[in-house]
Amino acid sequence: FPRLTWQQAMDLYGTDKPDLRFGLPIIELTEIAKTCSFGVFRSVAEAGGVVRALCIPGGAAFTRSTIEELTAKAQRLGAKGMAWIALREDGEVYSILTKYFKPEEIRAIIEKTGAQPGDFILFCADQLATVRRVLGGLRLELADLLGLRKEGEYRFLLVTDFPEFEYSQEERRYVATHHPFTMPYPEDLQYLKTAPEKVRAQAYDVVLNGTELGSGSIR
């Protein structure tokens, strides 16, 4: 089985149980956003948030109604809106963002995302948890829209190195992510009292096509 750390799975797919039957990885654009001309992206990056994107091959052919449906889905997932760029077959950039970005900044985004003529780039700019949730959800929505989740194809995965703790807003304290008897990595013990969010657990999940089949840990 291939392996991904929890951090890799969350950053690439927005979920700790990713469906690997298709690509559409999440692309990091925060460094570009920090110095860009678009105030919305820049202010999010400067405030400690992130700007990330999905690049959809052939998505420039999306109809206006499809784009509106994707925007509505993004908002249901917690986004304030959904910025996008369509790269037409002749290479022309079609997007309201051209009003706010310098041409060289648009080129940097296209290069970073690997977009080709005919592709569609959609963005999310917000706090990390929101961006992961929005783009992870849109990735699955797009896979169904484009027929990328093939029946009869099975892609197993081991997800490792989960956080030992997660912060509970309800209890206003850190609680165990798996259970309180999971062994931390020895090199992370130094963070137990000072930065518990940095402590990794020797725990794993077995995932198949986006479904968690089981989990285990060193006790």
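Let's start with helix 1. It covers residues 6–13 and lies across strand 1 and strand 7. Against strand 1, helix 1 runs at about 90°. Keep in mind that this is a predicted model.

Now, what is helix 1 lying on? Strand 1 and strand 7 belong to an open sheet of four strands. The order is 1-7-10-11, and the pairing is mixed. Which strands sit at the edges? Strand 1, residues 3–5, and strand 11, residues 211–217, are the edge strands. Each of them pairs on one side only. Neighbouring strands of this sheet are turned against each other by 25° on average, with direction ignored.

A quick reminder on sheets. Strands pair through backbone hydrogen bonds, either parallel or antiparallel.

Back to our model. How do strand 1 and strand 7 run? They run parallel, and three bridges join them. Strand 7 spans residues 156–160. Look at Thr5: its bridge partner in strand 7 is Thr160.

Next, the helix partner. Helix 6 covers residues 128–146. The axes of helix 1 and helix 6 come within 8 Å. They cross at roughly 70°. Angles of 65 to 115 degrees count as roughly perpendicular, so helix 1 is roughly perpendicular to helix 6.

Which residues make that contact? From helix 1 we have Trp6, Gln7, Met10, Asp11 and Tyr13. From helix 6 we have Arg132, Gly136 and Arg139. Sort them by class, and you get three nonpolar, two polar and three charged residues.

Last topic: two loop residues with a backbone angle to check.

Take Asp161. Where is it? Find the loop between strand 7 and strand 8, where strand 8 is residues 165–168. Asp161 lies in that loop. Its phi is near 60°, a positive value in a residue other than glycine. Is Asp161 buried or exposed? The cut-off for buried is under 20% relative accessible area. Asp161 has 17% relative accessibility, so it counts as buried.

Then Asn209. This one is in the loop between strand 10, residues 203–208, and strand 11. What is its phi? For Asn209, phi is near 50°, again positive in a residue other than glycine. The relative accessibility of Asn209 is 14%, and therefore Asn209 counts as buried.

To recap. Helix 1 lies across strand 1 and strand 7. Helix 1 is also roughly perpendicular to helix 6. And Asp161 and Asn209 each have a positive phi. That's it from me.

Key: Residues numbered from 1 in each chain as written. Predicted model: local features only at pLDDT ≥ 70, side-chain atom pairs only at ≥ 80, totals over all residues. Heavy atoms only, no water. Pairing = 2+ DSSP bridges. Axes fitted to C-alpha atoms, helices over the stretch in contact; angles between N-to-C directions. Contact = heavy atoms within 4.5 Å. Parallel < 35°, antiparallel > 145°, perpendicular 65-115°, else oblique. Nonpolar A, V, L, I, M, F, W, Y, C, P; charged D, E, K, R; others polar. Buried < 20%, exposed > 50% of the residue type's maximum accessible area, 1.4 Å probe, protein only.
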